[in-house]
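Thanks, everyone; I would like to take a few minutes on one model. Please have the sequence and the structure open while I talk.

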Amino acid sequence: MEPCLENVKAIRRSKEEKKLLRKQIKASHTLLKHEGISTVSKPTKDYIISLQSLVVANGGLGNGVSREQLQVVLGEGGDVETLIMHPHKPYALVTYRTEVSAQRGHVLLNGRQLQCGDQVVTLYLSYVDTVDSESGVCAVLPPGLVLVEEFVSLEEEALLLDAIDWKSHDEEVTVQKALKHRRVKHYGYEFRYDNNNVDKDKPLPGGLPQACVFVLERCVRDRHVKVMPDQLTVNQYQAGQGIPPHVDTHSAFEEPILSLSLGAKTVMDFRHPDGRSVAVVLPGRSLLVMKGESRYLWTHGITPRKFDVVPACDPESPVAVTSDFSNHSNLTLSRRGTRTSLTFRNVRRTPCDCAHPSACDSQQAPPSPPSLPRSQTDACRLEAEYVHSVYEEIAGHFSSTRHSPWPRVCHFLSSLEPGSIVADVGCGNGKYLGVNPEVFAMGCDRSCALVQICSERGFQAFVSDALSVPLRSDICDACISIAVIHHLSTQERRQAAVEELVRLLRPGGRALIYVWALEQEYNKQRSKYLKETREQAPPDDHNQETRDSPVKLSVHTNRTAFNSQDLLVPWHLKDGGIKKGGRVSKMTKDPPIDTKSPVLAPCPVFHRFYHVFQQGELEELCARITGVMVQCSYHDQGNWCVILEKTRDR
Amino acid sequence: MCICILYLNVLSRISGSQATEVKVSEVEFNPNFVSRMIPKLEWSALVQAADGLGHLQDLPTELIADYEANEDFLRKVHRVLLEVEVLEGCLQCPESGREFPITRGVPNMLLNEEEA
């Protein structure tokens, strides 16, 4: 009977085994379908796989299994090196310290049932595949991207690393800087970070290093590239260093772009404009070939961090347990080491004509700098972009720099009769609204953010346009307009603003107006001063009208003399405070984000439109308005100022 | 935004301000100040809006003579003018019906490009 029984037992076992296998396969399929994890049921030498990493299906935080519980169970196999449990996933990824432990764990725990709270959970364990260029663990690689592993041998790698001379580089860069940012060196042509392009007319002496020639020949031989590259950029990344996401400038280089990784492996992230993202492991000694979409459309970057989540088990990887998951389903932690990349490119001589114009600087017209408006509509648009929206963005920072009321403005306000009604048109952060508590002061400004600051300070203020103030005529005993009218972009609008102030005044009421002066360095030596301004005298509005082409507005350099009356003045925003979707001017000289340069996040720069007034210009403007009299005019703190009175008989 | 603004406003003939949030705070009484404000106001409009806000109380519907010397009267005006604040609501122009919102005490009186 015994053999019979044994047979029966054997049959039953194999039935159970088959059932287990079926369930395990089903679990594997689920993992592949939903998580992109591909598994193998047992290790085989056909795959380059990790023999120490397993996926534990149904053993996840996402389905109620705790780390502590799982750790204990997995411990039955042997020492667990890393255990990754994503907060929301129904599986875990375990890497054992040795292959033997992994095998034991697999055998003991595959099909194991766990009691988790009031439910029973069945664990299925499978070995996990690594990423290779053909069958990526997660999503499909970006189109045009090819990864060739073991492109150079260990000896060749050593030769190449040796050939790069960092000494001359380090003489220029301080040690501290080198620690913060990756090191970069160029051969063939200098890559310029101010315009993200190469100086095509100025090749660097020496060309590409002799030691690299064999690499290039191999690339040509293997049909990765047709023409030998003529530009090389070497990047060296320490653990914790990276490079922001970017697309290599279309007009600078052809395709493909070849990148040889030496030293430690890393993870490079590719992102499509629609948000899709793929993480690609770049092993040491591999060649990355970027063509088509992967070169022209997807951005690539390396996140600055010290650990990556990669599938292949690295004997050097530390005992670090984490539940952090990148947006790709990699499995274990790999500590970053020093990586050196050699990026070979062909300098482009003709404009780029790729199929991705949205990312192409040859095919996209650069944003044209604004020009002086010649119609009301243009003027409104210019001011909306270069005045109103800027103040909305910089309000907080701007307000913090506007805290000291100017003495002569205070004097004007303090000399008013108690009970006077005063309007501050263009009140900003309300700096002047509280100067004289004896008067009733109201402020209005175009910027909601600034008016809100006034309100928070307990002042009466509302949002309105300086050209259309919703107050009744003849109601104000006094008005002030401090550093406001110079933001209006046509002479007609500037005059209209003064007329609006006059409308608000009661007969006999007075207005104080301050505008930025063209002449910043005003001194008592009139003749010399006048001579200087005459030399610099820019075309005034009259000449402006006779020109055929619109006058482009130039960007002023802060803290220097004005060399034009109509210009854009930069504001460097500090301390955050920037709203989402803030519009940063494209005219900034600071390098944009998509650069390979080791630059810290640039401070956002905004441009504000100004028409700075010449001496006498403000008085001339007031003289054109009927029913007003200029009481006095003076220069104060780099401004031209007038006090005008609304005459009693109009 | 205190009612003062309303009555200096071009929309001073508003039919009613729809205030959803009104705050009353204490402001130092300055009789001279209030006296000087009164001639600038449209009295009937002030009364109307105060009533609309539910803060008319005992404010006279007609401006009394010799108000400068009448401290009691001035105090009533002071309360309505400076102590009653509209925090949330809107101003409506009686002619066009156009509404201007008041948010966190701040009225937004901007007109669109087409309206200006």
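I will go through the interface between the two chains and then a strand of chain B.

This is a predicted model, in which local features need pLDDT of at least 70 and side-chain atom pairs count only at pLDDT 80 or more, while totals for chains, interfaces and linings use all residues. Residues are numbered from 1 along each chain as its sequence is written, chains are lettered from A and ligands numbered from 1 in the order in which they are written, and side-chain values use heavy atoms, with hydrogens and water left out.

Taking contact as heavy atoms within 4.5 Å, 28 residues of chain A touch 26 residues of chain B. The buried area, meaning the accessible area (1.4 Å probe) that the two parts lose on being put together, summed over both, is about 2200 Å², with carbon and sulfur atoms giving 61%. On the side of chain A, the residues that lose the most area to chain B are A:Phe440, A:Gln460 and A:Arg472, together 26% of what that side buries.

What salt bridge joins the chains, if we require a side-chain nitrogen of Lys or Arg within 4 Å of a carboxyl oxygen of Asp or Glu? The count is 1, and the partners are A:Glu417 and B:Arg36, at 3.9 Å, N to O.

Turning to chain B, strand β3 (residues 99–103; strands are DSSP runs of E, at least two residues, numbered from the N terminus) has B:Phe100 and B:Ile102 on its covered face, whereas B:Glu99, B:Pro101 and B:Thr103 lie on the uncovered one.

Conventions: Buried < 20%, exposed > 50% of the residue type's maximum accessible area, 1.4 Å probe, protein only. Helix = DSSP H or I, 4+ residues; strand = E, 2+ residues; numbered from the N terminus.
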